[in-house]
Amino acid sequence: MTAFAANSILCRMALKTTAIDPATFTLIRLASAQANPVADRAGTDGRQGARWQLPSAFGLFAYAAAFSFAYVSLSAGTGALILFGAVQATMILYGLLRGERFTPLQTVGLLIALGGLVALLLPGVTAPHWAGATLMAIAGIAWGAYSLMGRASTHPIETTAGNFLRAAVLGALLSIVAIGVFAWDARGALLAVLSGAVASGVGYAIWYTVLPALRATHAATVQLSVPVIAAIGGVLLLGEHLSLRLVLCSVATLGGIALVLHARRLNRPPGDG
């Protein structure tokens, strides 16, 4: 979870303190994930079993691109909260559309979580920029869709490596389209490499390794820590202000999602992960 939160911190740090543009950051992040020894070995050893699907690669690209452009105007904590809320909302709503029925307690939790996000986005002095918030919501939806498409993969690390490769090609096309705003910065490029090769490459490898040992509800619940870690990192490393509005909306959003997950666990038959 620290690696996932580091993506928010590294991206915000690059776009706030260096001259690199969002498209270039995205391309370097996606391409450098292929340079990670773990991801590269997995991609080489498991190419026969990996299913590289264009929709999944596009979902990964859409997430990475919208994520980078959103952090031009969002703080690390605010961006992570919107991203995480959008991811969970996408996956929860997908379950509802597939016929999953919520208990009254789960419904209350979902309404609280959505209310927290709405309250964060309402106009006001401390409200996030609407364009950045919209892009981050799109990033969350894309990541949620990518996660849903990848659930059936029997070779998750290998498939992720393949998707990063194809997403990097799309990232190169984005950089060509955005050539008019191209801006190179050595420190920004280094931060993008750290985001891709370390925070993404190593983080995803660790996550997919431990994921089989976790119950689905536990895996979802532990992700509640990501926005909190990102917010703390933003305050400590970037000097960002932790507003009362962000704190209260985070409590509402994350608490509501936790309630949904907890109620789901309570209503599952014994032995059902």
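This is a short talk on the helices, a surface patch and a few buried residues of one protein chain.

Hi everyone, thanks for having me. Before we start, please keep in mind that this is a predicted model.

Let's begin with the overall make-up. How many helices and strands does the protein chain have? There are twelve helices and zero strands. If you read along from the N terminus, you meet one α element after another, right through to the end. The chain has 273 residues, and 51% of them count as buried.

Now let's look at one pair of helices. Find α4, which covers residues 54–70, and α7, which covers residues 130–150. Their axes come within 8 Å and cross at roughly 155°. Why do we call this pair roughly antiparallel? Angles over 145 degrees count as roughly antiparallel, and therefore α4 and α7 get that description. As for its handedness, the crossing of α4 and α7 is left-handed.

Next, two residues on the inside. The first one I'd like you to find is Gly-201, in helix α9, which spans residues 186–210. Is Gly-201 buried or exposed? Buried means under 20% relative accessible area, and Gly-201 has 8%, so it is buried. Now look for Gln-34: it sits 167 residues away from Gly-201 in sequence, yet their C-alpha atoms are 7.6 Å apart in space.

My other example is Thr-160, which belongs to helix α8, residues 156–177. With a relative accessibility of 9%, Thr-160 also counts as buried. Its partner in this story is Ala-33. Along the chain, Thr-160 and Ala-33 are 127 residues apart, while 9.8 Å separates their C-alpha atoms.

Let's finish on the outside. Which residues make the nonpolar surface patch of about 930 Å²? They are Val-228, Ile-232, Val-235, Leu-236, Leu-237, Leu-242, Leu-244, Val-247, Leu-248 and Val-251. Two elements, α11 (225–238) and α12 (244–266), each give two or more residues to this patch. The largest share comes from α11, with five residues.

Let's pick one patch residue to look at together: Leu-237, which lies in helix α11. Exposed means over 50% relative accessible area, and Leu-237 reaches 56%, so we call it exposed. For contrast, turn back to Gly-201, which is buried at 8%.

To wrap up, here are the main things to find in the model: the α4 and α7 pair, roughly antiparallel; the buried residues Gly-201 and Thr-160; and the nonpolar patch, with its largest share from α11. Thanks for listening!

Notes
Residues numbered from 1 in each chain as written. Predicted model: local features only at pLDDT ≥ 70, side-chain atom pairs only at ≥ 80, totals over all residues. Heavy atoms only, no water. Patch = residues over 30% accessible without salt bridge, like charges linked within 9 Å, V, L, I, M, F, W, Y side chains within 5 Å. Areas by Shrake-Rupley, 256 points an atom, 1.4 Å probe, with all protein chains shown as cover. Salt bridge = Lys/Arg side-chain N within 4 Å of Asp/Glu carboxyl O. Helix = DSSP H or I, 4+ residues; strand = E, 2+ residues; numbered from the N terminus. Buried < 20%, exposed > 50% of the residue type's maximum accessible area, 1.4 Å probe, protein only. Axes fitted to C-alpha atoms, helices over the stretch in contact; angles between N-to-C directions. Parallel < 35°, antiparallel > 145°, perpendicular 65-115°, else oblique. Left-handed = near helix turned anticlockwise from the far one by under 90°.
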